[in-house]
Amino acid sequence: MSTLAFGRGRGPWRQAARRFRRHPLGIAALLVVVAFVVVAFVTPDITPYAGQELFFEYLGKPQPPSLHSGHLLGTDALGHDMLTQLLWAVRESVLGGFGCALAATAIGVIVGIVGGYAEGPFERVIAWLVSVMVTVPALAVLLIVVVHYSPLALWVFPVTLAAYMWTYVARAVQASFSTLRSREYVEAAHAAGASPLRIVFRHLLPNTLGNLLVAATGIVGQSIALIATAVYFGFGNQQSDRPTLGSLISNATHANPLTGTVEPWWLLALPIATLGLLLICLNFAADTLDDVLEPARAA
């Protein structure tokens with residue numbers, strides 16, 4: 001029988017849920033992340049203005065945040081409403097980060113299953129390949145691509161990162177499978193004549209979901225930070241109708257082409273605070289998941 005069998009509150013996942021309730025900061029962080037995801041999906045319906053809409057009366061004269069001007073977070077020097085720009089930037093960043101994590105997880109799970117269930121030279125080859133790839137910094141991989149092919153559409157960034165970051169998931173899955181395949185319930189399934197697919201998907205993969213979830217959550221935060229960094233340095237779409245947190249920060253730290261002056265403080269503070277909050281909450285959520293799903297603490 002798989003070790004994830006539920007039984008009157010004694011199953012590992014229910015135990016993990018009880019431990020999770022003892023982490024109020026982790027719960028708060030997870031709720032904030034969920035709020036970001038919801039905002040990302042409903043942005044087209046909640047933005048006060050169209051993404052490319054300009055207010056020419058504020059051209060070259062950015063307005064500060066105000067409750068009465070119709071621009072809650074002010075405007076930038078080009079006359080864009082900052083709340084609209086920020087909502088679209090959150091959407092692009094969140095969708096890019098979660099898209100990268102989903103693609104990387106799909107690839108990593110397949111490679112990890114093959115490498116973890118197999119034994120002998122094949123297992124060692126996959127382990128060696130993953131170990132070699134993870135030694136290369138992800139930012140270096142991304143910059144190599146964008147430097148040669150910039151400017152790039154925004155969807156290229158998560159795809160490029162997913163083609164590299166699957167190694168984190170594959171390593172977690174392979175390590176778990178290598179440990180679990182010698183467990184008694186797996187040996188019993190073999191003896192009962194269960195097929196390899198049934199053993200993998202009924203007994204091994206469900207017991208790997210904890211490590212898999214932690215790895216995927218970490219990829220979301222890393223990819224959002226890396227995409228923002230690459231866009232900040234000018235690699236990627238800088239159009240105002242598809243802003244990202246990286247492009248907003250980049251625009252605010254360079255001299256205004258209309259006035260030759262540095263942008264006001266709020267144009268820099270707002271995207272930095274938003275990006276920082278998102279990354280901090282993702283890190284807290286990942287750390288909390290790591291704590292509550294750690295098998296050694298399940299006893």
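**Exercise 1. Establish how far the predicted model can be trusted, overall and by element.**

Solution. In this predicted model the protein averages a pLDDT of 79, and 85% of the residues score at least 70, pLDDT being the predictor's confidence in each residue, from 0 to 100. Among the elements, helix H2 (residues 24-46) has the highest mean pLDDT, 90, and helix H1 (residues 12-20) the lowest, 71. Over residues 1-9 pLDDT stays under 50, although the model has 21 contacts beyond four places in sequence for them, where a contact means heavy atoms within 4.5 Å. Where pLDDT is low, the predicted coordinates should not be read in detail. Residues are numbered from 1 along each chain as its sequence is written, and side-chain values use heavy atoms, with hydrogens and water left out. Because the model is predicted, local features need pLDDT of at least 70 and side-chain atom pairs count only at pLDDT 80 or more, whereas totals for chains, interfaces and linings use all residues.

**Exercise 2. Describe the secondary structure and the burial of the whole protein.**

Solution. The secondary structure comes to eleven helices and zero strands, these elements being DSSP runs numbered from the N terminus (helices H or I, at least four residues; strands E, at least two). Of the 299 residues, 45% count as buried; buried means under 20% relative accessible area, exposed over 50%, and partly exposed in between, with a 1.4 Å probe and protein chains only. Among contacts between residues at least 6 apart in sequence, 72% join residues at least 24 apart.

**Exercise 3. Work out how H2 packs against H3, and which residues meet there.**

Solution. The axes of H2 and H3 come within 8 Å and cross at roughly 125°, where axes are lines fitted to C-alpha atoms, for helices over the stretch in contact, and angles run from 0 to 180 degrees between N-to-C directions. That angle makes H2 oblique to H3, because angles under 35 degrees count as roughly parallel, over 145 as roughly antiparallel, 65 to 115 as roughly perpendicular and the rest as oblique. On the H2 side the contact includes Val-33, Phe-36 and Phe-41, and on the H3 side Leu-87, Trp-88 and Phe-98 are among the residues met. The residues of this contact divide into 14 nonpolar, one polar and one charged, with Ala, Val, Leu, Ile, Met, Phe, Trp, Tyr, Cys and Pro counted as nonpolar, Asp, Glu, Lys and Arg as charged, and the others, Gly among them, as polar.

**Exercise 4. Analyse the packing of H3 on H4, then place Gln-174 relative to it.**

Solution. Helix H3 (residues 82-117) and helix H4 (residues 121-134) pack at an angle of about 140°, with their axes 7 Å apart, and H3 is therefore oblique to H4. Val-111, Val-114 and Gly-115 of H3 make the contact with Phe-122, Glu-123 and Ile-126 of H4, a set that divides into four nonpolar, one polar and one charged. Gln-174 lies in helix H6 (residues 156-180) and is buried, with a relative accessible area of 6%. Not counting residues up to four places away in sequence, Gln-174 touches Gly-112, Gly-115, Gly-116, Glu-123, Ile-126 and Ala-127.

**Exercise 5. Determine how helix H10 is covered, and locate Glu-92.**

Solution. Helix H10 (residues 245-253) is mostly covered, with seven of its nine residues buried, among them Leu-245, Leu-248 and Ile-249. What covers these buried residues includes H3, helix H9 (209-232) and helix H11 (265-293). Glu-92 lies in helix H3 and, at 15% relative accessibility, counts as buried. Glu-92 and Ile-224 are 132 residues apart in sequence, yet 9.5 Å apart in space, C-alpha to C-alpha.
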